[in-house]
Amino acid sequence: MAKLTLDDLRKLREEKQKLLEKRDPSNKDAQIIVGMGTCGIAAGAKDTFNAIIDELDARGITHVLVRQTGCMGSCHSEPTVEVVTPDMPSVIYGKVDSGTGKRIVDEHIVNKHMIDNHICDKPSMDIVSEPGK
Amino acid sequence: MAYKQYILVCGGTACESNQGIALFAALKKAVEENGLVNDVQVVRTGCLGFCEKGPIVKILPQDTFYVEVKPEDAEVIVKEHLVKGRVVSRLLYDKNQSKRNVGIEGIDFYQKQFRIVLRNCGVIDPDKIDEYIARDGYKALEKALFEMKPRDVIDEISKSGLRGRGGAGFPTGKKWEFAAVQPAGQKYMVCNADEGDPGAYMDRSTLEGDPHSILEAMTIAGYAIGADTGFIYIRAEYPLAIQRLETAIKQAREYGLLGKNILGSDFSFDIEIRLGAGAFVCGEETALLASIEGNRGMPSPRPPFPAVKGLWGRPTVINNVETLANIPVILLKGNLWFSKIGTASSKGTKVFALTGKINNSGLIEVPMGTTLREIIFDIGGGIRDGKAFKAAQTGGPSGGMIPPQFLDTPIDYENLSKIGSIMGSGGLIVMDEDDCIPDVTKFYLDFTVDESCGKCAPCRIGGRKLLNYLARICNGEGALEDIDQMLAISEAMSRASLCGLGQTASNPVQSSLRYFMDEYKEHIVDKKCRAGKCKNLLSYNINTEKCVGCTACARVCPVNAIAGERKQPHVIDAAKCIKCGQCFEVCKFNAVNRS
């Protein structure tokens with residue numbers, strides 16, 4: 001590695017900042033949560049998960065946290081993906097393959113409208129929430 | 001190749017010595033075996049602070065915080081959490097935490113903290129300069145070299161109100177100015193990393209977790225005062241910190257952030273490490289300089305101050321690790337931002353190493369002005385086993401004991417000195433009802449007598465005399481006149497000793513006499529130790545009504561001082577008894593009395 005000039009250092013910082021931002025949970029205001037129970041993974045949730053992250057990277061979007069969760073209880077429409085953004089109601093999408101995953105980034109996150117034919121209802125709250133909470 | 005998830009493993013000394021190294025290896029192996037090498041990055045960071053519950057593992061960006069993780073758990077974390085996305089609830093801090101709330105927001109330990117010095121500890125990999133750079137690393141240096149004159153840098157630090165974190169609290173900007181106004185020529189910048197108080201590990205953890213912040217700050221200081229050479233004086237007992245510093249210096253040199261013409265400017269600066277052999281007195285600045293010069297580490301009278309005549313007779317600024325860690329942040333965020341944190345006379349934050357009889361021992365950083373109650377009960381989680389708080393010692397062996405009535409005093413330099421203690425470097429040792437005050441005081445004096453260099457009489461002889469009196473009192477041989485003698489010697493030591501070690505060595509004696517006189521009198525007059533620590537003051541006997549004759553005490557007694565038939569009350573032979581207390585511990589019927 002050659003010695004840095006001022007410009008080199010600034011460039012290096014900018015580049016590395018992007019990598020660290022992805023790790024930082026504090027500057028995220030939206031979440032895409034991929035259901036990765038056994039049912040989800042068997043239905044291809046891993047590919048969906050990867051596709052969503054790759055699409056976000058490709059567009060340079062850093063404010064969205066992509067996380068995994070267990071089975072959401074809608075095993076009939078796996079893989080399921082929940083999207084929580086501050087300015088829209090939170091939605092669970094069903095049967096999200098990697099192509100639909102990319103559409104979620106494109107349509108829901110960027111253009112702020114939902115993808116009609118993939119919306120699936122949340123199971124009633126007494127199933128989702130833990131007893132006593 | 002972009003990583004999608006990250007496993008952060010604490011690489012502080014506490015976690016590494018608790019199988020943390022094996023854990024790191026096991027996690028890497030599990031990631032490999034599950035074919036996630038391209039998706040998951042395993043990062044070893046600096047100290048995350050929550051040492052009580054180490055080793056700590058953090059999963060990002062989900063922000064899941066796992067505690068007390070063993071190497072065996074690596075497989076489960078990878079298979080369950082990373083592959084299937086299921087949080088491993090048995091490894092969470094609160095096992096009943098809701099599954100949506102698994103990060104640090106549910107942990108009181110972190111809620112009242114504010115991190116400036118420890119900003120990168122537990123966030124970046126200390127061995128990677130790129131990660132430091134990404135967190136605005138070397139940006140303050142950029143700003144200093146290209147947008148500020150040395151004079152401006154000193155002004156900025158002066159206005160921020162930053163004071164030395166090594167103990168005495170001297171204004172950092174003023175110290176720099178003294179050196180800067182000396183005629184141009186060879187000057188030196190020294191970082192004091194000779195942290196030696198029992199129970200203190202703030203500087204060590206900062207160096208281990210964020211070594212580049214110290215290199216950057218020293219370079220900035222060098223620019224401000226006109227020095228081209230820096231020394232880091234660190235004790236050889238800190239191998240991990242030394243190793244990470246060496247790596248950091250090498251990387252900074254490769255990038256041209258140390259060496260000739262830094263970033264193409266006409267400023268040159270380089271840093272060397274000097275290892276200390278571990279003498280407490282070498283934390284005193286004149287003794288430290290003597291040690292760097294290759295002489296025996298002994299203090300010399302000031303003035304002249306090192307800023308005028310220091311290393312090899314040249315102007316030298318000596319700053320403590322924690323002081324330096326603040327510098328880059330102040331330059332980037334401005335003196336106004338910094339001076340808003342803290343109290344009127346003490347700005348910014350303070351790092352404390354919380355130890356003793358406390359539930360959450362660990363490394364914490366709080367704004368100046370936080371009360372002892374908040375630190376001990378909110379962050380520290382209170383006293384172990386529900387016992388009562390007796391005292392807290394700040395400043396290690398140079399500090400004083402703070403009794404319960406001052407729990408709500410906001411901590412800053414002035415308030416601590418008013419109540420007879422000092423800020424010191426930041427060790428905070430908590431004592432409970434089972435600690436005997438004269439006994440703890442004896443422990444501190446034992447330490448300072450051991451570490452006294454012997455150059456001046458008040459420290460050499462005074463310390464020894466104090467220790468003798470304390471030993472007599474703890475043995476039940478003390479007299480009330482001893483207390484007057486102790487006060488007189490203490491006074492002489494603080495006024496006449498040559499250096500800070502001797503001047504402060506009597507602080508534990510003075511403060512404990514001030515607040516816990518009743519305990520001293522109990523030892524002297526009633527020959528009693530309420531905490532049950534001073535063996536010579538204890539006697540054990542068996543309550544014949546409660547004793548059922550189970551023989552447990554007789555079997556455990558190492559000197560066969562207990563006699564009695566089975567199912568008959570037992571008796572202790574006081575002449576044979578060595579007062580080890582084992583019978584007291586082992587009795588299930590509360591039949592052994594200790595008085």
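**Notebook: a look around chain B**

I began at a strand pairing, where B:Val9 faces B:Val57 of β3(B). A reminder to myself: this is a predicted model.

**Entry 1, strand β1(B).** I followed the pairing outward and found β1(B) and β3(B) running antiparallel, joined over four bridges. Next I looked up the partnership with strand β2 (residues 40-45) of chain B, and there β1(B) pairs in the parallel sense, over six bridges. One place to see this is B:Gln5, which stands opposite B:Val40 in β2(B). I then traced the chain from β1(B) to β2(B): the path goes through helix α1 (residues 13-33) of chain B, and the β-α-β crossover is right-handed. Is β1(B) enclosed, or open? Five of the six residues of this strand (residues 5-10) are buried, so the rest of the structure largely encloses it.

**Entry 2, cis peptide bonds.** I went through the backbone with a general expectation in mind: most peptide bonds are trans. I noted a cis bond from B:Leu60 to B:Pro61, with omega near 0 degrees. B:Pro61 sits in the loop between β3 (57-60) and β4 (64-66) of chain B. I noted another cis bond leading from B:Pro303 to B:Pro304, also with omega near 0 degrees. For B:Pro304, the setting is the loop between α11 (285-292) and β8 (316-320) of chain B.

**Entry 3, positive phi.** Most residues other than glycine have a negative phi, and I wrote down two lysines with a positive value. B:Lys567 has phi of about 65 degrees, and I found it in the loop between β15 (562-563) and β16 (571-572) of chain B. B:Lys579 has phi near 60 degrees, and its place is the loop between β16 and α23 (582-586) of chain B. How exposed is B:Lys567? I read 10 C-beta neighbours inside 10 Å, so B:Lys567 counts as exposed. For B:Lys579 the figure is 18 other C-beta atoms within 10 Å, so this residue is partly exposed.

**Entry 4, B:Val449.** My last stop was helix α16 (residues 437-451) of chain B, which holds B:Val449. Which residues does B:Val449 contact, leaving aside neighbours within four places in sequence? I listed B:Gly463, B:Arg464 and B:Leu467. I also checked B:Cys459, ten residues from B:Val449 in sequence: the C-alpha to C-alpha separation is 8.0 Å. B:Val449 has 19 C-beta neighbours inside 10 Å, and because buried begins at 20, I put B:Val449 down as partly exposed.

Conventions: Residues numbered from 1 in each chain as written. Chains lettered and ligands numbered in written order. Predicted model: local features only at pLDDT ≥ 70, side-chain atom pairs only at ≥ 80, totals over all residues. Buried ≥ 20, exposed ≤ 12 C-beta atoms within 10 Å, placed from the backbone. Contact = placed C-beta atoms within 7 Å. Pairing = 2+ DSSP bridges. Right-handed = clockwise from strand over helix to strand, strands pointing away.
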